[in-house]
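Biologist: Please take a close look at one part of this model for me. Start from a single residue and work outwards to the packing around it.

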Amino acid sequence: MKKQTSFPRIKTELTRILALAVLVLSVCCALIYAFVQRILVTNENEYLLVSSQRLQNRLNSMYDHLENLAVTLSADGQIQELLVAELPEKTSFIRHMESTIAQFQILESDIVDVALVSENMHYSSVYHDEELDEICSRIEGSDFQWVETRRSSFVSLREKEPMFLYGNHILLDGTKVGTLIISVKSSYFTGDLDSIPFSYGLAKDGQIYALSQNEEDAEIWEQWDAVWRETELARFGNAYIQSVFLDKMNCYLVSAHPANHNYTSSNMRLLQIFIWSCILVVALFLFLILALVNKRLVKPLQVFYDSIKEIRSRKKRHLENRLELDGCLEIREIGNEFSDMMEGIDELNKTIFENTTHLYEVELERQKAELAYLRGQVDPHFLYNTLEVMRKQALEKGAPELAQMAVDMGKIFRYSSKGEPFVSLREEVEILQSYVRIQENRFQGRLKVFYLVPEELLDQKVMKMLLQPLVENAIYHGIEPKTGKGAIFLGVRREENCLLLTVKDNGVGIGPEKLAGLKRELEAETFDTSRHVGILNTQARIRLTCGKNYGLTIESAQPGGTSVEVRVPVIEEGGKAYVPGTDCG
């Protein structure tokens with residue numbers, strides 16, 4: 001097709017638009033930038049003070065709460081006895097201690113660990129004995145106090161967040177008998193502060209414990225290292241720093257953020273004038289852009305979209321008229337190429353339909369030939385006569401169960417090899433009962449099947465051999481591997497224009513990975529019936545006969561068993577046929 005070079009290319013128009021946009025916005029941003037700098041640093045400083053006060057309140061609140069908890073635990077008589085008791089005698093007190101600690105951890109989920117240490121006892125879920133001894137050595141006096149911030153050395157917990165450690169020595173009659181250590185998640189204090197670009201730390205005894213993970217932290221702490229005093233928010237080197245002494249925790253709370261040397265003084269009124277001027281310019285500019293884009297791009301693409309939407313909603317496979325689009329060269333070419341593509345698809349669909357019809361007919365003939373061949377391999381009359389001889393001999397020799405099995409086998413064979421593809425639910429249940437009797441004899445009392453089939457549904461038509469493969473699958477994969485007795489439940493109910501048939505067992509169940517794979521196979525477009533023959537073959541028959549809205553759903557648990565639900569449409573009186581693709585609603 002010859003290109004219409006008189007129309008501008010979309011790349012050229014977009015380049016012009018972007019160049020103009022960059023020029024105008026660059027001028028506006030240059031004018032505004034200098035006035036915004038000072039406002040930003042002022043706002044950040046105010047925000048830093050507010051955030052620091054909030055963190056300070058949270059630290060003090062948690063300290064008071066933990067102090068009450070520590071007093072309660074330290075005064076507990078049985079815990080005191082546990083700390084001083086000899087090793088053989090500690091068992092009687094350990095359950096009380098674990099129960100008491102668990103209650104406090106339930107009430108305060110941010111408490112990671114409550115540790116107890118004495119000369120002959122180290123109890124903790126996150127620290128080694130050496131770590132506990134080191135922590136105890138850092139606790140001064142008997143008062144409750146904040147000790148430090150650290151991570152657990154356990155491999156499984158090493159990558160977890162650091163913890164705040166609080167502790168105090170436990171006294172009995174004025175004598176130290178042990179130490180209590182409480183560890184709290186650091187996220188309790190800093191969880192909602194992680195998104196704020198500030199740095200926080202706790203300073204004590206010449207060491208700073210960083211609470212944030214900003215890249216500038218190390219440089220900021222080095223600058224404050226020379227101060228070590230309570231100070232108002234002020235600039236130290238390349239950072240604005242504030243430090244507040246926390247009496248309860250006996251440490252400094254240091255808050256900081258990097259200074260920006262490009263900030264300058266500002267005039268709010270002049271800033272407002274510039275901002276509104278820039279907004280006006282940008283608005284006018286955007287109006288011109290939108291007008292141009294609407295004419296050259298949006299309108300043609302909207303026509304294109306409407307055409308596609310109409311094709312989709314009406315499920316059309318061809319265009320009644322070729323699609324002609326206005327606008328840039330590429331838009332026009334898209335319309336022409338789309339029209340050509342739809343015409344090609346229309347021709348391809350016709351070819352595919354003809355080939356598919358031919359292949360389907362050939363496949364049907366092949367299946368009929370194979371079925372005829374298989375049926376011809378066994379003389380039905382010979383088989384029936386053989387089963388009848390077996391039945392009579394079983395009765396003569398006092399084996400009525402064997403005789404009944406011969407009768408049931410004959411019924412199943414006649415039922416599956418002859419007759420129409422659709423039968424009444426009554427016939428399907430009767431032949432299933434014959435199959436179940438055979439299996440009950442085989443399992444010698446380990447198998448029981450329960451039926452819940454309403455009388456008014458027994459005359460409904462269903463596909464032949466719909467239930468037997470599912471029950472067989474439940475027996476061999478659910479009940480047989482199970483130790484002890486097993487049961488299968490068969491239930492039928494009607495929901496509007498659907499029959500829902502449920503086969504549920506209390507067997508060993510299916511593993512999560514295997515169940516997920518089986519569900520994917522059931523939802524596939526094609527079915528590999530070499531595995532899960534009962535389930536996949538039944539699904540394939542239902543989908544081919546009734547449409548993709550019908551079929552099997554399967555749920556399972558280990559242990560607990562498996563449940564398979566079959567959804568098929570109701571056939572109205574008079575033999576109204578299935579309508580593939582319709583729903584039950």
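**From one strand to the helix pairs**

Modeller: Thr149 is found in strand E3, residues 145–150. (Helices are DSSP runs of H or I with at least four residues, strands are runs of E with at least two, and both are numbered from the N terminus.) This is a predicted model, where local features need pLDDT of at least 70, side-chain atom pairs count only at pLDDT 80 or more, and totals for chains, interfaces and linings use all residues. Residues are numbered from 1 along each chain as its sequence is written, and side-chain values use heavy atoms, with hydrogens and water left out.

Is Thr149 buried or exposed? Thr149 is buried, with a relative accessible area of 13%. (Buried is under 20%, exposed is over 50%, and partly exposed is in between, with a 1.4 Å probe and protein chains only.) Leaving out residues up to four places away in sequence, Thr149 touches Pro162, Met163, Phe164 and Tyr209. (Contact is heavy atoms within 4.5 Å.)

Phe164 leads on to a core. A separate, second core of 40 residues includes Phe164, along with Ala70, Met97 and Leu202. (A nonpolar core is a set of buried Ala, Val, Leu, Ile, Met, Phe, Trp, Tyr and Cys residues joined through side-chain atoms within 4.5 Å.)

Met97 takes us to a helix pair. The contact between H2 and H3 uses Gln78, Ile79, Glu81 and Leu82 from H2, and Phe93, Ile94, His96 and Met97 from H3. By class, this contact has five nonpolar, two polar and one charged residues. (Ala, Val, Leu, Ile, Met, Phe, Trp, Tyr, Cys and Pro count as nonpolar, Asp, Glu, Lys and Arg as charged, and the others, Gly among them, as polar.)

Now the geometry. Helix H2 covers residues 77–84, and helix H3 covers residues 91–107. Their axes come within 9 Å and cross at roughly 135°. (Axes are lines fitted to C-alpha atoms, for helices over the stretch in contact, and angles run from 0 to 180 degrees between N-to-C directions.) H2 and H3 are therefore oblique to each other. (Under 35 degrees counts as roughly parallel, over 145 as roughly antiparallel, 65 to 115 as roughly perpendicular, and the rest as oblique.) The crossing of H2 and H3 is left-handed. (Left-handed is when the near helix is turned anticlockwise from the far one by less than a right angle, right-handed when clockwise.)

Gln80 also sits in helix H2. Gln80 counts as buried, at 12% relative accessibility. Beyond four places in sequence, Gln80 touches Ser74, Ala75, Ile170, Leu171 and Leu172.

Then there is helix H4, residues 129–137, which holds Cys136. Cys136 is buried, with a relative accessible area of 11%. Val117, His169, Thr179 and Ile181 touch Cys136, not counting residues up to four places away. The C-alpha atoms of Cys136 and Asn168 are 8.5 Å apart, across 32 residues of chain.

On to the other core. The largest nonpolar core has 48 residues, and Ile488, Leu501 and Ile542 touch the most other members. Helix H11, residues 425–443, supplies the largest share, eight residues. Past four places in sequence, the contacts of Ile488 include Val471, Ala474, Ile475 and Ile479.

Those four residues are among the buried residues of H12. Helix H12 runs from 468 to 479 and is mostly covered, with nine of its 12 residues buried. Glu472 is also in helix H12, but Glu472 is partly exposed, at a relative accessible area of 30%. The C-alpha atoms of Glu472 and Gly534 are separated by 7.6 Å, although the two residues are 62 apart along the chain.

H12 pairs with H11. Their axes come within 10 Å and cross at roughly 20°. H11 and H12 are therefore roughly parallel to each other, and their crossing is right-handed. From H11 come Glu428, Leu432, Tyr435, Val436, Gln439, Arg442 and Phe443, which meet Gln468, Val471, Glu472, Ile475, Tyr476 and Ile479 in H12. By class, that contact has eight nonpolar, two polar and three charged residues.

Last, the whole chain. It has 14 helices and 17 strands. Of its 585 residues, 40% count as buried. Among contacts with a separation of 6 or more, 62% join residues 24 or more positions apart.
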